[in-house]
Every structure is written in C-alpha cells, then in structure tokens.
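Biologist: I've only just opened this one, mind walking me through it?

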Amino acid sequence: MRSLVLIGHGSHLNGESAGAVYRYAELIRGRGLYDEVVEGYWKEEPSLRQVLKTTRSTDVTVIPMFISEGYFTETVIPRELGLGHQGPVAPEGVARVLGGKTVRYTLPYGVHPGMSDVILARAREALPDLNPADTALIVLGHGTTRNENSNRVIYQNAERLRASGQFAQVEALFLDEDPKVGTWPQVVTAPRVVVVPFFASEGWHTLETIPEDMGLTGDVTEFPGNPGGPQTVYYAKPVGTHAAVADVVLHLAEEARGASPHGGDEDRGHAQAWAAFLELARRGTRVGEALVFPQAGMFELRHALDEGRPAPDLTTVVTPEGLRDLARFDEGGHHRPVHTFRTLPRGWRAVVSEEDLPRAMHNLYPAVVEEGYAHHTHSLRATPWPTTARRQTGIYARVTRATPEQVEEVARDVCSRCLKTRLWAGEKLGCTFFAGVPGAIPCPEACTYFVAEMREEVSGKRGGAGGHSHDH
Ligand code: SF4
C-alpha cells in the first residue's frame, strides 16, 4: 500500500490558491498507481501538521508542488512535517521513519529534469510546426537573488533543450535580473521566437509583466522592424499548469523510492481509527455539524440541521471532491480557513461509497477521525503553544514574544468560532464524538490560522474581534 502526498501553499484568505494542486491530485488519482493521493497545505486544511496522520499506508511519498526551491520547500514544509531536516534537499530526497511511517520527501517538481519536456510541450502548443531552421526558444524565469538554484534550473532547461537540436537557438532570460526579458530582440535573431514562461501558474507576471516587457499584444505578435529583421513571437502558457506536470510528479515519486528503507504496508493505528469510525457510521453518527449515516449500501453526509429534509431539496454531490468544494465556503460564500469553524453551510448531501468515506471526511474535517480516535484511546499528544511558537521561522518567529494574555485574547476571538477544544492550552476534553458527543473534537496543536492571527496580534495589526491575517 502506498500513499502520495502533494503539498501546496494554499491561502487563509481565498479558496482559489489550492486549485492547481487539486487538479494534479485528480489526474494522478486517475492513473491508479497509488492507493491514495492526499493534498496538504501550509495555509489551508489539511495542514502540513495533519496531513501525515490522514495517510492510510506506512509508505508515504511527499512532493512539494512548487516550481522552485526556496523557503517553503527547504524550511517550512520539512519543519512542519517533522522531518528533522532543514535546508537544501538532496536529489534523491530525504527519507525518515515518522510515527511508524516511512516518509520520503522530494525536491519540488519544478527542478526535475522532466520539466524540459513540459517546456517543449508548451512550445509546441504555441507553435506546432516549430523548426530548427528558423525557430528560437526563450525559457523565461522570474530570477531572484534569494535562491540561486531557481536561476540554475532555468539555465539547465535551456541547456538540455539546446542539446536536443530542435531549435535554432535557445536562451534563458529573466524578469528580475540579467539577462532581462526586454533585451530579447538583441539576444535572439531567428525569425520565429517561442517564449515559454517557467512559472507555476497564470497570474500577474504572465498576464501583465512579461507581455509588457516584451511588447507582446497577444498569443502571436509581429515585430516587422526589429534590428536583425522581422520577427514573430509566439507566447506560450506557463509550464506549471500543463497536465504533463503530473508525469513529472510521478517520476519524482518513483525516484524517491530508491531511498526506501523498507516496503510499506497499512498503518495499523490509522486502520483501527477508521474501523472504529465505520462502526459508528454504519449506525449513523454526528461529527461536529455533520451527520454521517448509511444509505442504500453507501454513506450519506449532510448538515445536522438538514436532518429529515427531503433529498430533492438538497444539492447532491457524489464524490469526496464535490464535498470538499462545498465545505470550503460558508453560506455567504466566504472562504473557511479552518474547517472546524461552526460555519458549515447547509443545503447539501454527499453520497459516497465506503471506500470514499475517509476522503470525504478529510475534506469535511481533516484528520478529525484520526485525532479523535487517538484522544478516545488516550494516545493523542498535545503540543503546548510555546513549542508551536518556537517552531516558527521567518516572519512568524515573532509570535514567541506573545504574552499569555495575547494568546488568550486571540483564542477568544478565533477559537471560539471553532468546534475544537484546545488541548494545547490545557483545556480538558473528557470524551469525543467516538463516545457520542458530536462537538467533542480535540485540538492538539494551534493551527496555522491561529499562528497567523497571533503574528498580527504581536505586530499590533489586529483590529480587534474579527481581524484577519495577512497571507504570507
Ligand atoms: S487553534 Fe483554535 S481555531 Fe485553530 S483548530 Fe485549534 S481550536 Fe480551532
């Protein structure tokens, strides 16, 4: 049994940021090579601290879904997963045994040599009859002084594509450093020029900055008066959104298996938690604001306040992902950064198979079954606030300065909106929903939303109750 975990940045403020990771998870699930494909986020749930708990197997490969190495891939993700590793990741990845699971952490997909194929695929989309006789390729990177590896990747891709002999000329140019993108008419002389942005997604840079710096007016732009003669530029879509990235991810995952200490198998603790939960679900149970009950050989989930409402009055979804998309927004359409906030919308029903029930529950309340069962069986360990605070780095490191009064002040605002009981602050929870109390859900460790709000508090930026954090 094998689990693949894809890690994205996510956002506390809006629901769109996680979309690309969802799509790749879906594509890879469709290939059927892994028993499960799970998503985790720095700024959304399931959080990095929860995500390993939600995996069924003891053989877990974790891929950071980032275009380049940097602070998140080298510092935040390894720290939050508890890998005991900081800094650059070796090409073969980092392998650790954590809580009985073999966890392999890889480089981000963007540095894999397979990205040259993705660049080529994007170039061919923009100019299907590209030809070594008259076509130049520009691989366009962001360029930054913060991580020299991000530039190196652009040069390496340019080098590989030059060696492939499919272009008259291949050059690496950058937005923020030399050689700058605006110099392209001096750098490339071929009459046809394909430009492929080495960016994670479509955004301000690909839609505004690059076209502006290059003088582009659309997907194809003619430059009749260039110094070396007339040129036509074909502007491709960014590499990070191409479906072939799913192949790169699978290559990375397979290569990381070389670092495997042993083959995996089912996680017994996880299996026990789910066996116990299935028992409850077969009889019908309530977890937080949701009901879970058997329905014609399947399981149905709905808001507890919709109990007894006729099915035609409710929107029906039949996949765990359909439920995820519903549970991410409240009834006013606002993003729900913490899934256990008491804002689960009403008006829906999800009908899923027994096999899909764990994924459906994770999309509704990430890691709640695992943590609830661990508390029920007295094996859940809480992480006190000072430990969580000390673990923070970068702009979050200042949360260690928070006074106990400030922690309580933020908890009064943030955690009072949440179903969970703060074990991390010493609060007691005598039983859980496993013993029939729907709202009894443990919180063993402050969530990233709480940490972000604490940072605002110690920076003096919280505007009292309902203040919202920045999203860095
Ligand atoms: S820290 Fe507070 S808001 Fe975050 S999950 Fe725990 S109880 Fe809920």
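Modeller: Sure, one term to begin with: buried means under 20% relative accessible area, exposed means over 50%, and partly exposed is what falls in between, using a 1.4 Å probe and the protein chains only. Also, this is a predicted model, so local features need pLDDT of at least 70 and side-chain atom pairs count only at pLDDT 80 or more, while totals for chains, interfaces and linings use all residues. Residues are numbered from 1 along each chain as its sequence is written, and side-chain values use heavy atoms, with hydrogens and water left out.

Biologist: OK. How many residues of strand E1 are buried?

Modeller: Six of the six, so E1 (residues 3–8) is largely enclosed by the rest of the structure. Ser 3, Val 5 and Ile 7 point one way, Leu 4, Leu 6 and Gly 8 point the other way, and all are buried. The names are DSSP runs numbered from the N terminus: helices are H or I with at least four residues, strands are E with at least two.

Biologist: Which strands does E1 pair with?

Modeller: Strand E3 (residues 59–64), in the parallel sense over five bridges, and strand E2 (residues 36–41), which also runs parallel to E1, with six bridges. Two strands count as paired if DSSP finds at least two bridges between them. To find the spots on screen, look for Ile 7 opposite Pro 64 in E3 and Leu 4 opposite Val 37 in E2.

Biologist: And strand E8, are its faces covered or open?

Modeller: Both are covered: Arg 192, Val 194 and Val 196 on one side and Val 193, Val 195 and Pro 197 on the other are all buried. That is six of the six residues of E8 (192–197), so the strand is largely enclosed by the rest of the structure.

Biologist: What sits beside E8?

Modeller: Strand E6 (residues 135–141) pairs with E8 in the parallel sense over six bridges, and Leu 140 has Pro 197 in E8 as its bridge partner. E8 also pairs in the parallel sense with strand E10 (residues 231–235), over four bridges. There, the partner of Val 195 is Tyr 235 in E10.

Biologist: Switching to helices. Why call H11 largely enclosed?

Modeller: Because seven of the eight residues of H11 (357–364) are buried. The buried ones are Leu 357, Pro 358, Ala 360, Met 361, His 362, Asn 363 and Leu 364.

Biologist: What about holes, how many cavities of 30 Å³ or more turn up?

Modeller: One, in a search of the whole structure. A cavity here is a set of points on a 1 Å grid over the protein atoms alone where a 1.4 Å probe fits but cannot get out, and lining residues have an atom within 4 Å of a point. The largest cavity is lined by ten residues you can click through: His 12, Lys 43, Glu 44, Glu 45, Ser 47, Pro 337, Val 338, Cys 447, Thr 448 and Tyr 449.

Biologist: Where does that cavity lie?

Modeller: Between domain 1 (3–110 + 244–267) and domain 4 (380–458), because both give residues to the lining. The domain bounds come from an automatic or database domain assignment.

Biologist: Any odd backbone? Which residues are joined by cis peptide bonds?

Modeller: Glu 45 and Pro 46 are, with omega about 0°, and so are Asp 178 and Pro 179, with omega about -10°. Pro 46 is in the loop between E2 and helix H2 (48–51), whereas Pro 179 is in the loop between strand E7 (169–174) and helix H6 (184–187).

Biologist: And Ala 296, what's its phi?

Modeller: Near 50°, a positive value in a residue other than glycine. Ala 296 lies in the loop between strand E12 (290–295) and strand E13 (298–303), and is exposed at 76% relative accessible area. His 378, not a glycine either, has a positive phi of about 60°. His 378 sits in the loop between helix H12 (368–376) and helix H13 (385–391), and is exposed at 75%.

Biologist: Last one: is Gly 87 buried or exposed?

Modeller: Buried, with 16% relative accessibility. Gly 87 is in the loop between helix H3 (71–81) and strand E4 (94–98), and its C-alpha is 6.1 Å from that of Thr 75, twelve residues apart along the chain.

Key: 1 Å grid on protein atoms, 1.4 Å probe; cavity = no way out; pocket = protein on both sides within 12 Å on 5 of 7 lines; lining within 4 Å. Points joined across faces, edges and corners; volume = space filled by probe spheres on them.
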